[in-house]
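Reader: I should like to learn how to read the features of a structural model. Would you take me through one case after another?

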Amino acid sequence: MPTSVPLREQGERMAFCETYFDAVGAQVVYLADGYREVRLPLDVDKELTDRPFFWLWAEKTHQKIEPTTLRLSFTEEAKRREDARLAAEHQLHLEKNPRRIRTSECLRRRPRRSSSRSAVFV
């Protein structure tokens, strides 16, 4: 008797993720067809992201950590669509908030002279 392999279908994967993130108290940030964005609670973030040194540093220095937003695409079409949406949002943000670069912030690399007097950039 053949057995079905769990989480083969897109709908099964989405249902599993929705059930899991609902159970752990993750906040749904954005929903679209075949795509989800969820903000993870800090305890779940620690379990899923595997950043032990970061969390050690954050706890020892009492840093306020922004929760991780996890972006899940369940189809290639959803990934392309949402990548384009995020790129457009980012471009709009850059246009609304231009950053002026001061001369003191720029890194200037000057050529170092070698014995043969040709310019070498380091």
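**Reading the model, feature by feature**

Author: Let us begin with Glu 37, whose place is in strand β2. Please bear in mind throughout that this is a predicted model.

Reader: Is Glu 37 buried or exposed?

Author: Glu 37 has a relative accessible area of 6%. The cut-off for a buried residue is under 20%, so Glu 37 is buried.

Reader: Which residues are in contact with Glu 37, leaving aside its neighbours within four places in sequence?

Author: Glu 37 is then in contact with Gln 27, Val 28, Val 29, Tyr 30, Thr 69, Leu 70, Arg 71, Arg 85 and Leu 86. With one of these, Arg 85, there is a polar contact of 2.8 Å between the side chains.

Reader: How should I read charged side chains that meet?

Author: Side chains of opposite charge can pair when their charged atoms come close. In this structure there are 10 salt bridges. One of them joins the side chains of Glu 37 and Arg 71, at 3.3 Å from N to O. This pair links distant parts of the chain, with Glu 37 in strand β2 (residues 35–39) and Arg 71 in strand β3 (residues 69–73), 34 residues apart. Arg 71 has a relative accessible area of 47% and is partly exposed, whereas Glu 37 is buried.

Reader: Which residue forms a salt bridge with Glu 82?

Author: The partner of Glu 82 is Arg 85, and the closest N and O atoms of the two are 2.4 Å apart. Both residues are buried. They are separated by about one helical turn, because they stand three residues apart in helix α4 (residues 76–96).

Reader: Where do Glu 89 and Arg 85 lie?

Author: Both lie in helix α4, four residues apart, which is about one turn of the helix. Their side chains meet in a salt bridge of 2.7 Å, N to O. Glu 89 counts as partly exposed, at 42% relative accessibility.

Reader: Which residues are linked in a network of salt bridges?

Author: The network links Glu 37, Arg 71, Glu 77, Arg 81, Glu 82, Arg 85 and Glu 89. The pairs discussed above, Glu 37 with Arg 71, Glu 82 with Arg 85 and Glu 89 with Arg 85, may be read in that setting.

Reader: How should I read two helices that pack together?

Author: Two packed helices are described by the angle between their axes and the distance between the axes. Here, the axes of helix α1 (residues 10–24) and helix α2 (residues 42–49) come within 10 Å and cross at roughly 130 degrees. Angles from 65 to 115 degrees count as roughly perpendicular and those over 145 as roughly antiparallel; α1 and α2 are therefore oblique to each other. Tyr 20, Phe 21 and Val 24 of α1 make the contact with Val 44, Glu 47 and Leu 48 of α2. Of the residues in this contact, five are nonpolar, none is polar and one is charged.

Reader: Which residues of these two helices merit a further look?

Author: Consider Met 14, which lies in helix α1. Met 14 counts as buried, at 13% relative accessibility. Leaving aside neighbours within four places in sequence, Met 14 is in contact with Gly 34, Arg 36 and Phe 74. The C-alpha atoms of Met 14 and Ser 73 are separated by 9.4 Å, although these residues are 59 residues apart along the chain.

Helix α2 offers Asp 45. Asp 45 is buried, with a relative accessible area of 0%. Its side chain is joined to that of Arg 51 by a polar contact of 3.4 Å. Beyond its neighbours within four places in sequence, Asp 45 is in contact with Leu 40, Arg 51, Trp 55, Pro 67 and Thr 68.

Reader: How many helices and strands are there in the protein chain?

Author: The protein chain has four helices and five strands. From the N terminus on, these elements run α-β-β-α-α-β-α-β-β. The chain has 122 residues, of which 18% count as buried. Among contacts with a separation of 6 or more, 49% are between residues 24 or more positions apart.

Note on methods. Residues numbered from 1 in each chain as written. Predicted model: local features only at pLDDT ≥ 70, side-chain atom pairs only at ≥ 80, totals over all residues. Heavy atoms only, no water. Axes fitted to C-alpha atoms, helices over the stretch in contact; angles between N-to-C directions. Parallel < 35°, antiparallel > 145°, perpendicular 65-115°, else oblique. Contact = heavy atoms within 4.5 Å. Nonpolar A, V, L, I, M, F, W, Y, C, P; charged D, E, K, R; others polar. Buried < 20%, exposed > 50% of the residue type's maximum accessible area, 1.4 Å probe, protein only. Polar contact = N/O pair within 3.5 Å; in protein donor to acceptor, adjacent residues only side chain to side chain. Salt bridge = Lys/Arg side-chain N within 4 Å of Asp/Glu carboxyl O.
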